[in-house]
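Colleague: I have the model open. Can you walk me through the sheets, the pockets and anything odd in the loops?

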Amino acid sequence: MTRFESFDSTAVLYPLDDIDTDQIIPARFLKGTDKAGLAERLFADLRDQPGFPLLVPEARGAKILIAGNNFGCGSSREHAPWALHAWGLRAIIARSFADIFRQNATKNGLLPIALDDAAYARVLAARTADPALVLHVDLPAQRVALAAANAPSFDFAIDPFAKHCLIHGVDELGYLLGFADRIAAHERRQP
């Protein structure tokens, strides 16, 4: 996993509630444990809709998806954040996330940003008014902001361990391996 750094990006707008993991990546594409090809399967059953948000020209290169409430509900499939990340997304802004999706996302380099209703409404309105709107995501400060001068910023919460792992680009195993020397020294001291 690569280190998560603060970034500026435009955002894809898909503010629907209850987008479940089967909509994100249909079950028929879960046969492998390889991440290759998952970007092409992202929202596979919805992409044929005219004007699907990820396929409109202003979505090109966007690293942020603005979703609705309860994003990632449904079955617990790690393929969902894999597919979103493979598409190029680094953060999802929503009013709330399903717990398992949130955990799977952070473990795979994707930042779920849950904003309170007022902050979410301001970000949504700003992006709706301006498809070229740039947002600034600052994980160390736990803040997302409209990237214009004197624009408002909004705080978000994140589990401290998940934040640490994202910032350092490690998963749980990578975190433990960071203590390999100390673990080996402890083992040598044991009878």
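Modeller: Strand E1 pairs with strand E6 (residues 135–138) in the antiparallel sense, over 3 bridges. Bear in mind that this is a predicted model.

Colleague: Which residue in E6 is the bridge partner of Phe 7?

Modeller: Val 137 is the bridge partner of Phe 7. Val 137 also stands opposite Val 144 in E7.

Colleague: How many bridges join E6 to E7?

Modeller: There are 4 bridges between E6 and E7, and the two strands run antiparallel. One pair to look at is Asp 138 with its bridge partner in E7, Arg 143.

Colleague: What about the turn in the hairpin of E6 and E7?

Modeller: That hairpin has 4 residues between the strands, and Gln 142 takes a positive phi near 55°.

Colleague: And after E7, what comes next in the pairing?

Modeller: E7 (residues 143–146) is joined to E8 by 3 bridges, again antiparallel. Val 144 has Phe 154 in E8 as its bridge partner, and Ala 145 stands opposite Ser 153 in E8.

Colleague: How many residues lie between E7 and E8 in their hairpin?

Modeller: The hairpin of E7 and E8 has 6 residues between the strands. In its turn, Asn 150 has a positive phi of about 60°.

Colleague: Put that together for me. What is the strand order in this sheet?

Modeller: The order is E1-E6-E7-E8, an open sheet of 4 strands with antiparallel pairing. Strand E1 (7–9) and strand E8 (153–155) are at the edges, and each has a single partner strand, so one side of each has no neighbour in the sheet. From one strand to the next, the twist averages 20°.

Colleague: What holds paired strands together in general?

Modeller: Strands of a sheet pair through backbone hydrogen bonds, in either a parallel or an antiparallel arrangement.

Colleague: Okay, the other sheet. Is the pairing there parallel or antiparallel?

Modeller: Parallel. It is an open sheet of 4 strands in the order E2-E3-E4-E5. Strand E2 (11–13) and E5 are the edge strands, each pairing on one side only. The twist averages 20° from one strand to the next.

Colleague: Give me a pair of strands from that sheet.

Modeller: Take strand E3 (residues 64–66) and strand E4 (residues 91–94), which pair in the parallel sense over 3 bridges. Leu 65 has Ile 92 in E4 as its bridge partner.

Colleague: Switching to loops. Where does Arg 77 sit?

Modeller: Arg 77 is in the loop between E3 and helix H2 (79–87).

Colleague: Is Arg 77 buried or exposed?

Modeller: Buried: its relative accessible area is 12%, and the cut-off for buried is under 20%.

Colleague: What does the side chain of Arg 77 contact?

Modeller: The Arg 77 side chain makes a polar contact of 3.0 Å with the side chain of Asp 22. It also makes a polar contact with the side chain of Ser 75, at 2.9 Å.

Colleague: Now pockets. How much space lies in the largest pocket?

Modeller: About 310 Å³. The largest pocket is lined by 17 residues, and the closest to its centre are Arg 102, Gln 103, Thr 106, Asp 159 and Ala 162.

Colleague: Which elements give two or more residues to the lining of the largest pocket?

Modeller: Helix H3 (99–106), strand E5 (111–114) and helix H5 (160–168). E5 is also an edge strand of the parallel sheet.

Colleague: What is the lining of the largest pocket like by class?

Modeller: It has 10 nonpolar, 2 polar and 5 charged residues.

Colleague: And the volume of the second largest pocket?

Modeller: About 180 Å³. Its lining includes Met 1, Thr 2, Lys 35, Glu 78, Trp 82, His 85 and Arg 90. Lys 107, Asn 108, Gly 109 and Asp 171 are also among the residues that line the second largest pocket.

Colleague: How do the residues of that lining divide by class?

Modeller: The lining of the second largest pocket has 3 nonpolar, 4 polar and 5 charged residues.

Conventions: Residues numbered from 1 in each chain as written. Predicted model: local features only at pLDDT ≥ 70, side-chain atom pairs only at ≥ 80, totals over all residues. Heavy atoms only, no water. Pairing = 2+ DSSP bridges. Axes fitted to C-alpha atoms, helices over the stretch in contact; angles between N-to-C directions. 1 Å grid on protein atoms, 1.4 Å probe; cavity = no way out; pocket = protein on both sides within 12 Å on 5 of 7 lines; lining within 4 Å. Points joined across faces, edges and corners; volume = space filled by probe spheres on them. Nonpolar A, V, L, I, M, F, W, Y, C, P; charged D, E, K, R; others polar. Buried < 20%, exposed > 50% of the residue type's maximum accessible area, 1.4 Å probe, protein only. Polar contact = N/O pair within 3.5 Å; in protein donor to acceptor, adjacent residues only side chain to side chain.
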